[in-house]
Amino acid sequence: MESQDIVNIINETGPLTGWQLLEKSGLEALPLWQICRQTPEIRAECAGRRYLRLDRNVEGFARLSPSIRREFLTYTVLGLENQGPSIEARVQKLSEDVQQISRAKFDLARESMRSVAQSLPVWESIQEQVCFIIAGDVTYGMAHAVPRPEVSTGKMVRGSDLDIIVIAEDDVAKDTLRDLDQAIFRKKHYLLVHPNYQEEIDYLVKDIAKIGQQLAFDSFQHMIASKIIHEGELLYGSVAVFRKIKALVEEMKVPDKIAAMEKQAAEDRKQAEISLLEADTAQVDTPFLNLFYTHEEGDEIY
């Protein structure tokens, strides 16, 4: 399929998202992305933003999210230069949809953790010592609902994970934390298998001492843990514990380290796009290909 064929499709249908154009053209994502980027008549507008993701499959661990492929397919509207108003309207609608998905996932996570916490007999006695933090796509207002298989079970889930970290003061009993972990696991299973939800919670329960160790930022796992705490928002529980954690993040200069990695990731993304635009898709072999077809759409949690 040639570029004029893609132009004809858009001319007939009006502006389309990357996914819609992929389905109508029958092309693979990379050659379609190349055509759209290289065809002057085609205008691409993206909804949302880019942000740092840590990925062990990328040199230096830092890449931008969404990946090039995800950004193109899920968050990009493609139209012709003479379709300006229609493009802008589609981008606005797409942005609103993404924000609505993010809010809905945040609300589900908050209500789920509230019900988990209040199911514990000891919750009233520890509620000032425990906080629930949400991180990931939801905190950037960039959650999506594109169905995908959950890695460990293969079950289909609705887009972005609910990344939740539960942090407790060091003097909270280990048995209590174990009970809390088990209660969250039951909720995780319920949301995963219930047909009305099919949502994936990715979570960890840990104490402030563990956070202090991880903020050293001295390993891949510690970098991810630090980034998650840095970007995390209070979901439920103790405001005082949340503020204490954020103070530790500042004290350990995590924001500066994250900013440096994000800057490098942006430079790599720019070079990747230049390289991929020139690549032969039949024999593509470039070190930047892993920024198009990423192995992980989300950070692991440590």
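The exercises below work through the fold of one chain and two of its helices.

This is a predicted model, in which local features need pLDDT of at least 70 and side-chain atom pairs count only at pLDDT 80 or more, while totals for chains, interfaces and linings use all residues. Residues are numbered from 1 along each chain as its sequence is written, and side-chain values use heavy atoms, with hydrogens and water left out.

**Exercise 1.** Work out how many helices and strands the chain has, and why it counts as compact.

*Solution.* Begin with the secondary structure, which comes to 11 helices and 11 strands, where helices (H or I, at least four residues) and strands (E, at least two) are DSSP runs numbered from the N terminus. Next, take the radius of gyration over C-alpha atoms and set it beside the globule rule, 2.2 Å times the number of residues to the power 0.38. The chain gives 21 Å, close to the 19 Å of the rule for 302 residues, so it is as compact as a globular protein of that length.

**Exercise 2.** Determine which residues of α2 are buried and how they are arranged around the helix axis.

*Solution.* Buried means under 20% relative accessible area (1.4 Å probe, protein chains only). In α2, residues 18-25, this holds for Gly 18, Leu 21, Leu 22 and Ser 25. Seen down the axis, these buried residues fall within an arc of 105 degrees, taken from the directions to the C-beta atoms, so they line one face of the helix.

**Exercise 3.** Explain why α4 is described as largely enclosed.

*Solution.* Of the 8 residues of α4 (residues 68-75), 7 are buried, so the helix is largely enclosed by the rest of the structure. Among them are Ile 68, Phe 72 and Tyr 75.

Terms used. Buried < 20%, exposed > 50% of the residue type's maximum accessible area, 1.4 Å probe, protein only.
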